[in-house]
Amino acid sequence: AAVPPAVAAAAAPPHLLLICFPGQGHVNPMLRLAKRVAAKGLLVTFSSLASVGARLAAAAGVSAGGDGVPVGRGRVRFEFLEDGDPGSHLDDLMRHLETAGPPAFAALLRRQAEEGRPVACVVVNPFMPWASDVAAGEGIPTAVLWVQSCAVFSLYYHHVHGLVEFPPEDDPEARFQLPGLPEMSAADVPSFLLPSNPFKLLADAIITQFRTIERASWVLVNSFAELEPDVVAALPGVTPRPPELIPVGPLIELQQGQEDDEVRGDLIKAADDCVEWLDAQPPRSVVYASVGSVVVLSPGEVAEMAHGLASTGRPFLWVVRPDTQPHLPEGFLDSVSGRGAVVAWSPQERVLAHPSTACFLTHCGWNSTLETVAAGVPVVAFPQWGDQCTDARFLVEELGMGVRLRGARREAVREAVEAAVAGPCAGDMLASARRWSAAARAAVAPGGSSDAHVQAFVDEVARRARG
Ligand code: UDX
């Protein structure tokens, strides 16, 4: 006999729907959270713009609709907004999100209910304050996933509420201090908050998103309690009081040293011979270099970086995205062939986990930062803008995991790589990196601090869904 619909709905696992800003640095942590939550028994739908769906389909073989794929005790499925063409410029994208996003997202939420999977909770990530307005309009509670550090959250929060005045950018000696954070200068502040920031619409979206964050039922953070204990502990003492931060990270793929290849978030297909190439290199010999998915180096910087990496005399694996490859010096690839490999996109976590990798020359995006912490690989920190400035400060000065590279001059590149791999402090940096790696892995292991936070979140979503 057929199961009555009310009984079937009561037996079905609660449905959590995530809506993700279109960028690799957002898709990765959001999809990894989706998998953690699904593994604990929820039905999870990952959604984003149609353009993200097309790229995920091409690079990661993701297909939308249907029942999705099993992950642990739950399932992950995909559905994308019917939102039209966002345009390629950041300002066009931000305007597109504001106008096309809300009706397309409302339609997507209603479709879930019509198809028998009413949404119990929506997870939004930064820069899309409208998504939680839409969810609230449908009577659905929201959680925010903050994809940057707790330190960066605190800096933004103090700024948005007028609780801090940052020192002038032209005074490198001037310092300020916030609760639970070390003394900082303007160079350590996320650059979107400084007067020189050219990305005004993005800065507006960052500030507006606090409206969403302060209304959310949960604020999940891609960090772990042991990494930033002081800043998390200090926030409840700030007036007006910020929401409680719930660290659920590091949201890494290689959690148990194994990858769940069925559900990947690559927007660009990774070169498939990187691991084989690393296998052929000596242990702890390779310099891995990447500036993530958004940073664009100038032609001059690319050329200096090329000469600098070549002059280390060490093997290197360098991610140079296709738009930047024309700026490589003429004959460069031939001149380094065998010792140096240039790829358009790498399987980064596998590269960092590989025993041949000695250090990571990174722009310090927060995902790259946490991935290198989890892998225990020392860094050459080369931040460009936004939260990368704060992350670099923490990696080098607070975590003791590397050195700073200021400016892409070839001698500076060579010296920084030498200092991180073989300099007098290299042993200490490696020891720090390994200690942080152990702490990161313990946080996400069963019963660890972040695992317990994910479980508590899942339990509460299930409890509310049952009414
Ligand atoms: C952006 C911002 O720049 C960053 O500062 C912010 O914290 C998040 O959004 P992005 O610049 O792309 O992100 O850097 P990052 O946060 O490091 O994310 C890049 C992701 O792409 C990482 O998960 C990394 O593993 C992955 N990646 C990068 C690859 O898989 N292969 C590559 O070749 C390069």
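Is Arg 284 buried, exposed or partly exposed? Keep that in mind as we walk through the model, and we will select Arg 284 along the way.

**Before you click**

You are looking at a predicted model, where local features need pLDDT of at least 70, side-chain atom pairs count only at pLDDT 80 or more, and totals for chains, interfaces and linings use all residues. Residues are numbered from 1 along each chain as its sequence is written, and side-chain values use heavy atoms, with hydrogens and water left out.

**Stop 1: the whole chain**

Show the chain as a cartoon. You should find 17 helices and 14 strands; these are DSSP runs numbered from the N terminus, with helices (H or I) having at least four residues and strands (E) at least two. Now turn the C-alpha trace around: its principal axes span about 70 × 50 × 45 Å. The radius of gyration is 22 Å, which agrees with the value near 23 Å for a compact globule of 467 residues. That radius is taken over C-alpha atoms, and the globule rule is 2.2 Å times the number of residues to the power 0.38.

**Stop 2: inside and outside**

Switch to a surface view. Of the 467 residues, 57% are buried. Here buried means under 20% relative accessible area, exposed means over 50%, and partly exposed lies in between (1.4 Å probe, protein chains only). Among contacts with a separation of 6 or more, 73% involve residues 24 or more positions apart, where a contact means heavy atoms within 4.5 Å.

**Stop 3: two cis peptide bonds**

Select Thr 239 and Pro 240. The peptide bond from Thr 239 to Pro 240 is cis, with omega near -5°. Pro 240 sits in the loop between helix H8 (229-234) and strand E8 (245-247).

Next, select Gly 249 and Pro 250. They are joined by a cis peptide bond too, with omega about 0°. Look for Pro 250 in the loop between E8 and helix H9 (274-279).

**Stop 4: back to Arg 284**

Select Arg 284, in the loop between H9 and strand E9 (286-290). Its phi is near 45°, a positive value in a residue other than glycine. And the opening question? Arg 284 is partly exposed, because its relative accessible area is 31%.

**Stop 5: Cys 364**

Finally, select Cys 364, in the loop between strand E12 (357-362) and helix H13 (366-375). Phi of Cys 364 is near 70°, again positive in a residue other than glycine. Cys 364 counts as buried, because its relative accessibility is 0%.
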